[in-house]
Amino acid sequence: MAITRDSVSLYKLWISVITILPFTQTLSQPENYIVHMDLSVMPKAFSGQYHWYLSTLASIFDVSDSSTTRATSATLTASSKLLYSYTHVINGFSASLTPSELEVLKNSPGYISSIKDLPVKQDTTHSPKFLGLTPQSLAWKVSNYGEGIIIGLVDSGVSPESQSYNDHGMPEIPKRWTGECESGTQFNSSLCNKKLIGARFFNKGLIAMYPNITISVNSTRDTDGHGTHTSSTAAGNYVEGASFFGYAPGTANGVAPRAHVAMYKVFFDKGASTTDIIAAIDQAISDGVDVLSLSFGLDGIPLNEDPIALATFAAVEKNVFVSTSAGNEGPFYETLHNGIPWVLTVAAGTLDREFNAVLTLRNGISITGSSLYLGTTYFYEMPIVFMNRCHKVSELIKIGPKIVVCQGGNDGNDLSDQVENVIKANVTAGVFITNFTDTEEFIQIQFPVVLLNQKDGKTIIDYIKNSDKPQASVEFRKTNLGIKSAPSVTSYSSRGPSTSCPLVMKPDIMTPGSLILASWPQNVVVALNNSQPLFSNFNILSGTSMACPHAAGVAALLRKAHPDWSPAAIRSAMMTTADIMDHTMKPINDIGFGNKTQLASPLAMGAGQVNPNKALDPGLIYDVNSNDYVRLLCALKFTEKQIQAITRSSSTNCSNPSTDLNYPSFIAYFNAKDSPSNSTTVREFQRTVTNVGAEMSTYTVNVTPMIGLKVSVIPDKLEFRAKYEKLSYKLIIEGPALLDETVTFGYLSWVDVGGKHIVRSPIVSTSLSPQLSKKN
């Protein structure tokens with residue numbers, strides 16, 4: 001066990017206590033052991049391994065515990081000692097035993113050997129490792145974990161007591177920092193340190209909007225939890241022993257654990273005012289933040305009226321990188337917000353981690369299913385019944401205290417109805433067999449629910465049908481890592497195109513947003529169990545709100561590694577190096593369509609899953625400056641006053657308007673419904689790339705075929721003779737005036753001769769109409 005500074009005194013106390021205990025008492029302390037057994041010795045009287053192991057354990061308690069005189073008592077003791085009955089990984093079981101009990105067990109028939117259980121340390125809340133961030137990774141090494149970079153979050157505040165804000169190992173506060181740690185209700189400025197370097201709150205607009213409002217905690221203290229969660233995701237320091245009631249155990253840390261955090265609270269119990277949001281972003285720019293993380297947005301607002309667009313344009317002009325959330329209105333097209341050309345718009349994906357329960361049937365077979373139940377950890381040998389489709393509450397009520405197995409349907413509505421019916425029936429637990437892939441909302445409820453796939457479901461059904469007295473035990477709070485089908489796009493992540501700026505493809509990138517573990521205020525309720533509030537120092541949440549700070553953390557690493565890069569250059573590096581394959585090396589899927597497997601389009605995941613290590617060295621970048629954004633606004637027919645509302649400039653030059661922003665993605669509209677069926681449309685895009693790799697570099701183009709479209713690139717080779725040299729190319733897409741498909745997509749990649757760099761950009765062609773939000 002690693003001993004940290006904070007645990008030294010407790011460790012010394014523990015040592016001093018055990019050294020004065022009698023030696024015989026130390027021998028009675030139980031430890032976990034993994035026991036290997038010889039199955040050939042198992043008596044035929046036992047129906048399965050589980051009962052043999054339980055009987056073997058019961059026999060040692062008859063001997064070792066003189067107070068245990070009845071076999072039933074011994075069996076109960078054994079069941080409390082038995083941890084797992086293994087079916088595949090080994091022949092044997094694990095149990096919690098004292099040394100003397102283990103010695104008796106060694107004389108049992110079939111005993112082969114045993115090993116002491118060892119602690120296994122996981123190194124994350126897991127999402128940083130999933131993104132390839134480990135102590136050996138280049139992104140952490142080169143950036144020194146984001147050291148000295150300041151990430152500002154506009155959110156619901158912060159809980160400074162959280163260990164994620166401890167400043168152990170943190171560098172000194174940058175001298176350029178001019179921010180403050182404001183005192184207020186239940187928040188003293190002394191609570192800030194070298195990790196949490198700024199804390200401000202803004203509610204004047206909210207008070208003006210609701211004159212009779214009572215703000216009980218008028219400070220940066222987080223009474224909601226959202227801000228604590230997002231800020232610790234982006235830059236939380238290391239916290240050992242983190243978990244959510246046993247789920248997701250390990251050491252928690254943010255994406256940029258050596259970056260500083262500045263919190264700007266705008267969300268209170270009543271909500272937030274856009275005037276307060278603008279004030280917060282303005283203050284953050286003044287204070288000297290390097291990166292802003294904004295996990296909120298406004299829907300259907302034109303750029304010139306969107307306070308986020310207005311404030312972030314100023315931030316980007318001041319070289320502040322801005323990460324924003326895409327929204328949680330998926331899986332439908334054109335639901336995305338923050339489709340702002342000068343910010344990063346982040347979609348949410350899944351992790352390679354599952355939360356599970358293990359069902360052990362009376363015949364010894366164990367089956368794992370999805371669950372995030374926070375109540376009773378274990379149900380022991382309960383009757384289990386199969387009810388087929390659980391549509392009749394009246395029939396379910398008759399079942400009583402049993403585990404009910406339901407053929408749970410393959411769409412969300414049917415599954416939801418059956419879950420609700422089982423809850424109303426007040427049975428012990430519900431097991432639902434389903435192919436429905438979007439199950440996240442069903443496992444996060446107060447009732448014990450376990451979701452199984454069809455194959456495992458059949459195993460349970462067969463057991464129930466062929467057993468005179470079917471029973472099962474259920475153990476919750478299990479975590480499984482290494483899910484190969486990850487990442488996938490979540491169903492709720494909002495899809496593009498953006499209605500505020502449809503000519504720039506959004507979202508830009510995908511990062512983990514599903515079931516993310518991060519810090520939480522210890523006095524804010526995380527869940528209810530039997531109507532009783534539960535509290536925890538960590539919480540598991542989902543949403544693009546959780547994805548956004550992951551991207552902000554990656555941006556902090558890149559800003560540290562490349563201080564001369566513009567926000568657009570950092571965005572380009574993240575996008576062009578993103579992964580479009582999952583861990584099985586198959587294209588990333590979109591789980592927003594129930595039981596249907598569908599490839600994720602760039603309108604769902606942007607350029608793909610962010611890869612921080614690759615983004616460190618992208619080879620080429622697509623850079624953009626303020627004038628380029630103005631040219632785009634001019635081409636979108638914004639008036640001079642509307643543009644000035646964004647740029648704050650007294651003069652606007654619209655002499656050279658262009659819809660062709662130098663962006664690392666492409667979207668082409670083929671939606672002329674009134675055109676002749678045989679007519680064709682040509683869409684052209686001009687791009688300029690900057691060489692940030694080796695001085696002498698040659699890149700050749702590769703374009704994936706797109707059904708029904710002719711795609712070409714001129715030239716097909718780019719030869720650079722110097723670092724920072726700029727070269728241009730043209731992408732031409734030719735197709736029918738009206739596409740048959742709503743969306744078709746492919747990728748344009750520039751590949752250097754050595755194959756070290758693949759600079760990939762998504763191409764989307766669509767029959768959707770580019771509906772621009774109305775400009776007043």
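Let's start at a disulfide: the link of Cys-181 and Cys-192 is right-handed, with 70 degrees about the S-S bond. Its two ends sit 11 residues apart, Cys-181 and Cys-192 both in the loop between strand 5 (150-155) and strand 6 (196-201). The S to S distance for Cys-181 and Cys-192 is 1.8 Å. Keep in mind that this is a predicted model. Going by sulfur atoms within 2.5 Å, the count comes to three disulfides.

On to the helices. Two helix pairs are worth setting side by side, and here are their basic numbers:

| Helix pair | Angle | Axes apart | Crossing |
|---|---|---|---|
| Helix 16 (544-561) and helix 17 (567-576) | about 115 degrees | 10 Å | right-handed |
| Helix 20 (626-635) and helix 21 (640-647) | about 150 degrees | 10 Å | right-handed |

Take helix 20 and helix 21, which pack at an angle of about 150 degrees. That angle makes helix 20 roughly antiparallel to helix 21, since anything over 145 degrees goes in that class. Who makes the contact? From helix 20 come Val-630, Leu-633 and Cys-634, and from helix 21 come Ile-643, Ile-646 and Thr-647. Sorted by class, the residues of this contact are five nonpolar, one polar and no charged.

Now helix 16 and helix 17, packed at about 115 degrees. These two are therefore roughly perpendicular to each other. Helix 16 brings Ala-551, Val-554, Ala-555, Leu-558 and Arg-559 to the contact, while helix 17 brings Pro-567, Ile-570 and Met-574. The class split for helix 16 with helix 17 is seven nonpolar, no polar and one charged.

Last, a sheet. It is open, has five strands in the order 29-36-35-31-33, and its pairing is mixed. Which strands stand at the edges? Strand 29 (666-669) and strand 33 (717-720) do, and each has a single partner strand, so one side of each is left without a neighbour in the sheet. From one strand to the next, the twist averages 20 degrees.

As background, strands of a sheet pair through backbone hydrogen bonds, either parallel or antiparallel. In this sheet, strand 31 (residues 697-703) and strand 33 run antiparallel, and four bridges join them. If you want a spot to look at in the viewer, try Ser-697: its bridge partner in strand 33 is Phe-720.

Terms used: Residues are numbered from 1 along each chain as its sequence is written. This is a predicted model: local features need pLDDT of at least 70, side-chain atom pairs count only at pLDDT 80 or more; totals for chains, interfaces and linings use all residues. Side-chain values use heavy atoms; hydrogens and water are left out. Two strands pair if DSSP finds at least two bridges between them. Axes are lines fitted to C-alpha atoms, for helices over the stretch in contact, and angles run from 0 to 180 degrees between N-to-C directions. Angles under 35 degrees count as roughly parallel, over 145 as roughly antiparallel, 65 to 115 as roughly perpendicular and the rest as oblique. A crossing is left-handed if the near helix is turned anticlockwise from the far one by less than a right angle, and right-handed if clockwise. Contact means heavy atoms within 4.5 Å. Ala, Val, Leu, Ile, Met, Phe, Trp, Tyr, Cys and Pro count as nonpolar, Asp, Glu, Lys and Arg as charged, and the others, Gly among them, as polar.
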